[in-house]
Amino acid sequence: MKYLEVNFIFKPDSTDFHDILAASVAEIGFESFQETDKGLAGYIQADIMSTEALNQSIEEFPIPNVEISFSISEVEDKNWNEEWEQSGFEPIIVGNDCIIYDAKQEVPKDYISTNNPTPISVAIDARQAFGTGTHQTTQMVVASLLEHNLKGKRVLDCGCGTGILSIVAAKCGASEVVAYDIDDWSVRNTEHNAKLNNVEIEVLEGDRSVLSHISGVFDMVMANINRNILLSDMEELAGAIAHPGWLIISGFYSEDAHLLIEKASEFGLKEYNRKIQDNWCCLTLYTNAH
């Protein structure tokens with residue numbers, strides 16, 4: 001997967017301005033950011049980069065008298081996150097029910113709550129893919145999944161990243177888990193992590209178009225992507241859900257929740273629950289009254 005690095009320069013400069021712009025361009029597909037000596041660097045997949053959308057985000061910057069310019073360069077096609085991957089990550093605890101930890105380490109016994117001595121444990125060998133469980137959206141989707149009885153259910157994971165959500169679903173007793181991602185690194189990483197956790201997951205490479213090659217519908221569909229892709233894919237996501245069935249979505253900010261709910265309602269989906277963490281939002285929707 002080819003990535004682009006976009007370097008933003010602000011006049012005048014302020015880290016507050018960086019945060020505001022990062023929140024805005026995350027909605028058009030930017031995945032990560034890094035402070036630089038000159039301003040802010042953002043990273044986005046080359047095939048979804050839109051200069052027109054980027055210029056619009058800058059034009060709509062809410063602080064007056066701030067000039068923002070940018071330059072675009074290709075990121076070397078390699079595992080550019082390798083140093084971070086080797087350093088690993090601290091265990092992530094979702095409630096008392098799930099522990100996500102670095103596969104290079106042992107199961108973190110010290111993190112196991114006395115309230116639940118046998119939580120679901122997910123070992124992740126993070127490669128160049130989004131999702132170690134550290135992001136708020138991943139944690140909220142996991143928490144939402146754990147609120148449902150998945151035993152014997154069919155589950156679909158759209159934009160699977162490192163496979164955390166698929167693995168949790170499988171460990172919760174799902175009878176079948178299917179996942180897909182447009183990023184070939186993510187596909188291979190999900191397959192790798194599924195083996196690490198001794199679960200079976202069918203992983204496909206592609207975007208929403210792969211749904212046309214999957215037979216049947218799913219009791220649970222989850223998509224932790226970004227606002228624009230969710231809006232664009234909503235019809236296909238809704239079409240993949242059984243009646244009754246559930247859709248869990250995240251990857252957007254709380255102020256955009258109404259946009260997703262309105263779009264979902266066009267296809268018969270209603271809001272059941274929402275979670276908010278650091279202004280990130282996770283919605284659980286359903287196809288029929290439960």
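The following questions and answers concern the helices, one sheet and some unusual backbone positions of a predicted model.

In this predicted model, local features need pLDDT of at least 70 and side-chain atom pairs count only at pLDDT 80 or more, while totals for chains, interfaces and linings use all residues. Residues are numbered from 1 along each chain as its sequence is written, and side-chain values use heavy atoms, with hydrogens and water left out.

Biologist: Which strands stand at the edges of the open sheet?

Modeller: Helices (H or I, at least four residues) and strands (E, at least two) are DSSP runs, numbered from the N terminus. Strands pair if DSSP finds at least two bridges between them, and here 4 strands form an open sheet in the order β2-β3-β1-β4, with antiparallel pairing. Two of them have a single partner strand each, so one side of each is left without a neighbour in the sheet: β2 (32-35) and β4 (67-74).

Biologist: How many bridges join β1 to β3?

Modeller: Strand β1 covers residues 3-11 and β3 covers residues 39-45, and the two run antiparallel. V6 stands opposite G42 in β3. The number of bridges joining the two strands is 7.

Biologist: How many residues of helix α4 are buried?

Modeller: Buried means under 20% relative accessible area, exposed over 50%, and partly exposed in between (1.4 Å probe, protein chains only). The buried residues of α4 (residues 136-145) include Q136, M140 and L145. The helix is largely enclosed by the rest of the structure, because the buried residues number 9 of the 10.

Biologist: Where does α7 bend?

Modeller: Helix α7 (residues 227-239) has 13 residues. A bend at a residue is the angle between axes fitted to the seven residues ending there and the seven starting there. In α7 this angle is about 60°, at a residue that is also buried: D233.

Biologist: Which residue caps the N-terminal end of α7?

Modeller: The cap is made by a side-chain oxygen that lies 3.1 Å from the backbone nitrogen of N228. A polar contact is a pair of N or O atoms within 3.5 Å; within protein, one must be able to donate a hydrogen and the other to accept it, and residues adjacent in sequence count only if both atoms are side-chain atoms. The capping residue is N226.

Biologist: Is N65 buried or exposed?

Modeller: N65 is found in the loop between α2 and β4. Its phi is positive, about 60°, although N65 is not a glycine. At 72% relative accessibility, N65 counts as exposed.

Technical notes: Expected span 1.5 Å × (residues − 1).
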